[in-house]
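Hi everyone, thanks for coming. I'd like to walk you through one structure today, so please have a look at it while I talk.

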Amino acid sequence: MHSMRALQLFGDRDLRLEEVAAPPHPGPGEVQVRVHAVGLNHIDVWGFRGMAFAKRKLPLAVGAEASGAVVAVGEDVTHVDVGDRVVMYGAMTCGHCKACREGRDNLCENVGGVLGFHIDGFARDFVNMPQRLVVKVPDGVSLQEAACAPVAFGTVQHMLFDNAKLEPGETILVHAGGSGIGTAAIKMAKAIGCTVITTVGDDDKGAKAKLIGADHVINYRTDRFEGVVRKLTGRKGVDVVFEHVGADTWNGSLLCLKRGGRLVTCGSTSGVSTTMNLMQLFQQQYKIFGSFGCTLANIEQSLHKMATGITPVIDAVFDVADYAQGLERLESRKVFGKVIVTL
Ligand SMILES: [Zn+2]
């Protein structure tokens with residue numbers, strides 16, 4: 001039988017590059033993709049460390065967002081051809097429920113799991129996917145760049161434009177501007193003419209954040225970001241806060257908002273619990289959005305942005321054999337932008 005490489009998680013922090021059976025010829029409505037690049041995200045770090053809440057069967061192929069080229073198509077596949085460059089959606093959604101039919105796959109009522117976390121992911125040579133869950137990559141976008149679309153760029157697109165409804169001319173605070181999603185948020189907000197304030201952990205990252213468009217940079221280790229934001233905005237506050245840090249920054253983030261301001265969050269790397277002043281919430285008429293994943297349309301929009309020059313910042317590229325080093329890089333405070341793994 002045909003075999004392939006798959007990077008499998010056997011237990012907490014136990015990753016091995018194994019030879020496994022390759023998938024069969026794609027079935028009706030399915031395409032087979034040769035995976036070329038995998039983007040790393042914090043969800044991969046959680047998966048690697050082991051999270052009690054994650055129901056999964058080990059060993060499990062890792063990798064939650066990826067790009068590749070179609071090498072085979074099954075019957076009834078109409079919208080992609082062999083040779084097309086594509087990215088894959090990061091969750092096995094049903095395509096039939098109300099949410100899926102309305103194009104809101106990230107609210108699928110029968111989701112079969114997040115790839116690379118609950119079910120086998122993309123760090124393997126070949127993967128079969130339903131054709132509806134692959135999106136073509138436009139010309140001019142590299143497969144390494146495209147690998148940042150399904151989770152990182154897609155998540156940011158969903159947060160900023162579907163949820164927070166960021167508009168040209170508004171002011172936004174982007175937390176952790178050196179992270180994969182932070183760099184994407186800075187670039188997307190600048191591209192529509194927003195004023196961008198961002199927090200970073202050191203001055204070197206601050207300089208890099210300015211180079212990709214941040215108007216103001218706050219080193220959160222030396223300055224209290226709430227105070228600086230209030231000063232920078234003439235005490236008014238910002239229209240939108242882009243959150244993903246969590247417990248450490250949550251209340252400061254709320255203090256940065258102007259009345260009626262919007263906070264959108266997709267993460268809590270510093271801790272999942274905090275307390276909140278409810279009187280402040282309603283008196284200031286804040287709008288708080290929880291955001292997870294993105295829609296297929298968000299992936300198309302992200303790829304389109306990349307084609308027009310809003311490209312991901314790529315920090316480092318590792319071979320699949322060095323995937324664990326890539327995760328270490330992602331977790332380190334040195335990372336600026338996305339970490340990519342190639343197969
Ligand atoms: Zn569904």
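Let me start with a question: how far apart are the end C-alpha atoms of helix α4, and what would a straight helix reach? This is a predicted model, by the way, so please hear everything I say in that light. Helix α4 covers residues 149-163, which is 15 residues. At 1.5 Å a residue a straight helix would reach 21 Å, but the ends of α4 are only 18 Å apart. As for its surroundings, α4 is mostly covered, with 13 of its 15 residues buried. After the helix comes lysine 165, and its phi is positive, near 50°.

Next, the metal site. Which residues hold the zinc ion? Four cysteines coordinate the zinc ion through their SG atoms: Cys94, Cys97, Cys100 and Cys108, at 2.3 to 2.4 Å. Along the sequence, the spacing of these donor residues reads C-x2-C-x2-C-x7-C. Why do we call the arrangement tetrahedral? Because the four donor atoms subtend angles of 103 to 118° around the zinc ion, and the cut-off for tetrahedral asks that all angles lie between 85 and 135 degrees. Two of the donors are also worth a look for accessibility. Cysteine 100 has 6% relative accessibility and so counts as buried, and cysteine 108 is buried too, at 10%.

Now for the strands. One open sheet has three of them, in the order β2-β1-β4, with antiparallel pairing. At its edges stand β2 (14-21) and β4 (60-61); each has a single partner strand, so one side of each is left without a neighbour in the sheet. Strand β1, residues 3-11, pairs with β2 over eight bridges, and leucine 7 stands opposite leucine 17 in β2.

Further along, strand β5 (residues 65-73) runs antiparallel to strand β6 (residues 85-88), joined by three bridges. There, glycine 68 stands opposite valine 86 in β6. Strand β6 also pairs with strand β8, residues 134-136, again antiparallel and over three bridges. Valine 87 has valine 135 in β8 as its bridge partner.

What about aromatic rings? How many aromatic pairs does a search of the whole structure find? Zero. There is a charge over a ring, though: arginine 16 lies over the face of phenylalanine 10, at 3.9 Å from the ring centre.

A few backbone details for those of you who like torsions. The peptide bond from leucine 58 to proline 59 is cis, with omega near -5°. Proline 59 sits in the loop between α1 (42-49) and β4.

Then there are two loop residues with positive phi, neither of them a glycine. Arginine 235, with phi of about 70°, lies in the loop between α7 (225-232) and β12 (238-243). Its relative accessible area is 57%, so arginine 235 is exposed. Glutamine 285, with phi of about 55°, belongs to the loop between α9 (278-283) and β14 (287-290). Glutamine 285 is partly exposed, at 47%.

One last stop: valine 317, in strand β15 (residues 314-319). How far is valine 317 from alanine 37, in sequence and in space? They are 280 residues apart in sequence, and 9.3 Å apart in space, C-alpha to C-alpha. With 41% relative accessibility, valine 317 counts as partly exposed.

That's my tour; thanks for listening, and I'm happy to take questions.

Terms used
Residues are numbered from 1 along each chain as its sequence is written. This is a predicted model: local features need pLDDT of at least 70, side-chain atom pairs count only at pLDDT 80 or more; totals for chains, interfaces and linings use all residues. Side-chain values use heavy atoms; hydrogens and water are left out. Donors are N, O and S atoms within 2.8 Å of the metal (3.2 Å for Na, K and Ca); water is not among the atoms, so sites may look incomplete. Four donors count as tetrahedral if all angles lie between 85 and 135 degrees; four count as square planar and six as octahedral if opposite donors are over 155 degrees apart and all others between 65 and 115; anything else is irregular. Buried means under 20% relative accessible area, exposed over 50%, partly exposed in between (1.4 Å probe, protein chains only). Helices (H or I, at least four residues) and strands (E, at least two) are DSSP runs, numbered from the N terminus. The expected span of a helix is 1.5 Å times one less than its number of residues. Rings of Phe, Tyr and Trp (its six-membered ring) pair if their centres lie within 6.5 Å; planes under 30 degrees apart count as stacked, over 60 as edge-to-face and the rest as tilted. A charge sits over a ring if NZ of Lys or CZ of Arg is within 6 Å of the ring centre and within 35 degrees of the ring normal. Two strands pair if DSSP finds at least two bridges between them.
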